[in-house]
Amino acid sequence: MEEQEAKTKSRQELYERRAGEDNYPDELRSAFEMFSQVGEFEPGELVRWKPGMRNRRRPAYGTPAVVVLKLAEAVAPDLAEPASAYFAEPLDLVLGLLDEEGDFITFYFDSRRFERWESVVEATGR
């Protein structure tokens with residue numbers, strides 16, 4: 001338990017240091033603008049995390065996931081803790097990826113955190 005408390009304290013200290021930087025307000029506004037840009041995705045399209053929008057371990061940054069389904073109505077995770085970053089997050093995108101064993105697995109995500117993978121590859125060459 002002490003290890004977890006130390007990790008939490010360390011993360012809080014890092015956040016406070018970052019939030020105190022002079023450019024933090026501008027970066028915060030920029031992140032909000034990017035988050036607010038909603039993409040329309042179709043099954044079979046490849047997507048990836050927008051920069052700075054990853055809030056889950058998978059998929060890895062810079063790697064594609066395939067759109068399995070775009071829900072007409074978002075679902076919210078069943079979390080009782082309002083302090084959680086996932087509390088009431090609207091999950092409207094089902095993505096598939098290959099896990100470490102090569103099995104196709106699916107997860108639910110907030111589509112506002114993703115962008116088309118092909119358009120990024122075309123623009124950057126990677």
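Is E89 buried or exposed? In this predicted model, E89 is buried, because its relative accessible area is 6%, under the 20% limit. The protein has 3 helices and 5 strands, and buried residues make up 24% of its 126 residues. The points below cover the fold and its confidence, an aromatic cluster, a pocket, and several individual positions.

**Fold and confidence**

- Along the sequence, the secondary structure elements follow the pattern α-α-β-β-β-β-β-α.
- Among contacts between residues at least 6 apart in sequence, 48% join residues at least 24 apart.
- The average pLDDT of the protein is 86, and 81% of the residues score at least 70.
- Confidence is highest in strand 1 (residues 46–49), at a mean of 97, and lowest in helix 3 (residues 117–124), at 64.

**Aromatic residues**

- The structure contains 4 aromatic pairs.
- One of these pairs is W49 with F109, in an edge-to-face arrangement with 5.6 Å between the centres and 85° between the planes.
- This pair links distant parts of the chain, since W49 belongs to strand 1 and F109 to strand 4 (residues 104–109), 60 residues apart.
- Both W49 and F109 are buried.
- F109 also pairs with F107, again edge-to-face, with the centres 6.3 Å apart and an angle of 65° between the planes.
- The two partners of this second pair fall into separate burial classes: F107 counts as partly exposed because its relative accessibility is 31%, whereas F109 counts as buried because its value is 2%.
- W49, F107, F109 and F114 form one aromatic cluster.

**The second largest pocket**

- The second largest pocket holds about 270 Å³ of space.
- Its lining consists of R18, Y24, E27, L28, A31, F35, P51, G52, M53 and R113.
- Helix 2 (residues 24–36) supplies the largest share of this lining, with 5 residues.
- By residue class, the lining divides into 6 nonpolar, 1 polar and 3 charged residues.
- G52, one of the lining residues, lies in the loop between strand 1 and strand 2.
- G52 counts as exposed because its relative accessible area is 65%, over the 50% limit.
- G52 and R113, which both line this pocket, are 61 residues apart in sequence, and their C-alpha atoms are 8.7 Å apart.

**Surroundings of E89**

- E89 is located in the loop between strand 2 and strand 3 (91–98).
- Beyond its neighbours within four places in sequence, E89 is in contact with N55, R56, V75, A76, P77, D110 and R113.
- One of these contacts is P77, which is 12 residues from E89 along the chain, with 6.8 Å between the C-alpha atoms.
- Another contact of E89 is R113, a residue that also lines the second largest pocket.

**Positions in strands 1 and 2**

- R48 is part of strand 1, the element with the highest mean confidence in the protein.
- R48 counts as buried because its relative accessible area is 16%, under the 20% limit.
- R48 and E118 are 70 residues apart in sequence, with their C-alpha atoms 9.2 Å apart in space.
- E118 falls within helix 3 (residues 117–124), where confidence is lowest, at a mean of 64.
- L69 is found in strand 2 (residues 65–75).
- L69 counts as partly exposed because its relative accessibility is 41%, between the 20% and 50% limits.
- Not counting residues up to four places away in sequence, L69 touches D92, L93 and V94.
- L69 and F41 are 28 residues apart in sequence and 8.6 Å apart from C-alpha to C-alpha.

**A cis peptide bond**

- Most peptide bonds are trans.
- The bond joining R58 and P59 is a cis peptide bond, with omega at about -10°.
- P59 is found in the loop between strand 1 and strand 2, the loop in which G52 also lies.

Technical notes
Residues numbered from 1 in each chain as written. Predicted model: local features only at pLDDT ≥ 70, side-chain atom pairs only at ≥ 80, totals over all residues. Heavy atoms only, no water. 1 Å grid on protein atoms, 1.4 Å probe; cavity = no way out; pocket = protein on both sides within 12 Å on 5 of 7 lines; lining within 4 Å. Points joined across faces, edges and corners; volume = space filled by probe spheres on them. Helix = DSSP H or I, 4+ residues; strand = E, 2+ residues; numbered from the N terminus. Nonpolar A, V, L, I, M, F, W, Y, C, P; charged D, E, K, R; others polar. pLDDT = per-residue confidence, 0-100. Phe/Tyr/Trp six-rings, centres within 6.5 Å; stacked < 30°, edge-to-face > 60°. Buried < 20%, exposed > 50% of the residue type's maximum accessible area, 1.4 Å probe, protein only. Contact = heavy atoms within 4.5 Å.
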